[in-house]
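Work through the exercises below with the model open. Try each task before reading its solution.

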Amino acid sequence: MEKIQVVLASPSDLADERQMIKDLVNSLNPLYMKNGICIDLRMWENSTPGMNADGPQGLIDMDLEITNADLFICMYWKKIGTKLANEDVAGTEHELNLALDSYHKRRKPDIKTFFKVIDESEKMMIQGKFLQYQRNYNL
């Protein structure tokens with residue numbers, strides 16, 4: 001069986017969209033499995049509780065296995081995420097950085113970024129944050 005590992009990263013303000021993607025994958029997998037393909041969706045909500053020297057994000061990183069992913073989907077709306085205690089970035093940024101580092105080293109995962117936009121003022125705010133992120137990381 002061929003496994004396609006997909007990592008879904010976003011802050012908690014996109015819970016409904018995350019659930020929609022999970023439901024979609026769950027509905028597609030029975031069809032794909034008949035053809036020898038399984039979509040392995042990794043989400044922070046499914047991380048195993050426990051302790052890690054790097055805090056909760058360390059556990060999430062182990063469960064997501066971003067460096068082994070085939071596809072990394074990153075979604076944003078109003079939040080960048082919760083700032084990590086031991087880094088100067090939010091969890092979603094941290095995960096995107098891991099995906100970018102992996103992509104530069106092995107050309108995987110394929111990275112797709114989506115922005116939920118409701119009105120023009122939100123669009124301007126999100127674009128400003130993303131442009132700042134691009135400048136910070138020379139994207």
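The exercises cover charged pairs, ring contacts and burial in this predicted model.

**Exercise 1.** Classify the contact between K3 and D40, and place both residues in the fold.

Solution.
- Step 1. The closest N and O atoms of K3 and D40 are 3.6 Å apart. The cut-off is 4 Å, so the pair is a salt bridge.
- Step 2. K3 sits in strand β1 (residues 2-9) and D40 in strand β2 (residues 37-43). The two residues are 37 apart, and the pair links distant parts of the chain.
- Step 3. K3 has a relative accessible area of 44% and is partly exposed. D40, at 17%, is buried.

**Exercise 2.** Which parts of the chain does the pair E45 and R18 tie together?

Solution.
- Step 1. E45 and R18 form a salt bridge, with 2.6 Å between the closest N and O atoms.
- Step 2. E45 belongs to the loop between β2 and α2 (56-64), while R18 belongs to helix α1 (residues 15-33). The pair therefore ties together parts 27 residues apart in sequence.
- Step 3. Buried means under 20% relative accessible area. R18, at 1%, is therefore buried. E45, at 36%, is partly exposed.

**Exercise 3.** Find what R42 pairs with, then extend the pair to a network.

Solution.
- Step 1. R42 meets E65 in a salt bridge, 2.8 Å from N to O.
- Step 2. E65 is in the loop between α2 and β3 (71-76), and R42 is in strand β2, so parts 23 residues apart in sequence are tied together.
- Step 3. R42 is buried at 15%. E65 is partly exposed at 31%.
- Step 4. Salt bridges link K3, D40, R42 and E65 in a network. A search of the whole structure gives eight salt bridges.

**Exercise 4.** Decide how the rings of Y76 and F115 are arranged: stacked, tilted or edge-to-face?

Solution.
- Step 1. The whole structure holds one aromatic pair. Its ring centres, those of Y76 and F115, are 5.8 Å apart.
- Step 2. The ring planes meet at 20°, so the pair is stacked. The cut-off for stacking is under 30 degrees.
- Step 3. Y76 lies in strand β3 and F115 in strand β4 (residues 110-115), so the pair ties together parts 39 residues apart in sequence.
- Step 4. Y76 is buried at 6%, whereas F115 is partly exposed at 32%.

**Exercise 5.** Which charged residues lie over the ring of W77?

Solution.
- Step 1. K78 lies over the face of W77, 4.7 Å from the ring centre.
- Step 2. K116 places its charged end over the W77 ring, 4.0 Å from the centre.

Terms used
Residues are numbered from 1 along each chain as its sequence is written. This is a predicted model: local features need pLDDT of at least 70, side-chain atom pairs count only at pLDDT 80 or more; totals for chains, interfaces and linings use all residues. Side-chain values use heavy atoms; hydrogens and water are left out. A salt bridge is a side-chain nitrogen of Lys or Arg within 4 Å of a carboxyl oxygen of Asp or Glu. Helices (H or I, at least four residues) and strands (E, at least two) are DSSP runs, numbered from the N terminus. Buried means under 20% relative accessible area, exposed over 50%, partly exposed in between (1.4 Å probe, protein chains only). Rings of Phe, Tyr and Trp (its six-membered ring) pair if their centres lie within 6.5 Å; planes under 30 degrees apart count as stacked, over 60 as edge-to-face and the rest as tilted. A charge sits over a ring if NZ of Lys or CZ of Arg is within 6 Å of the ring centre and within 35 degrees of the ring normal.
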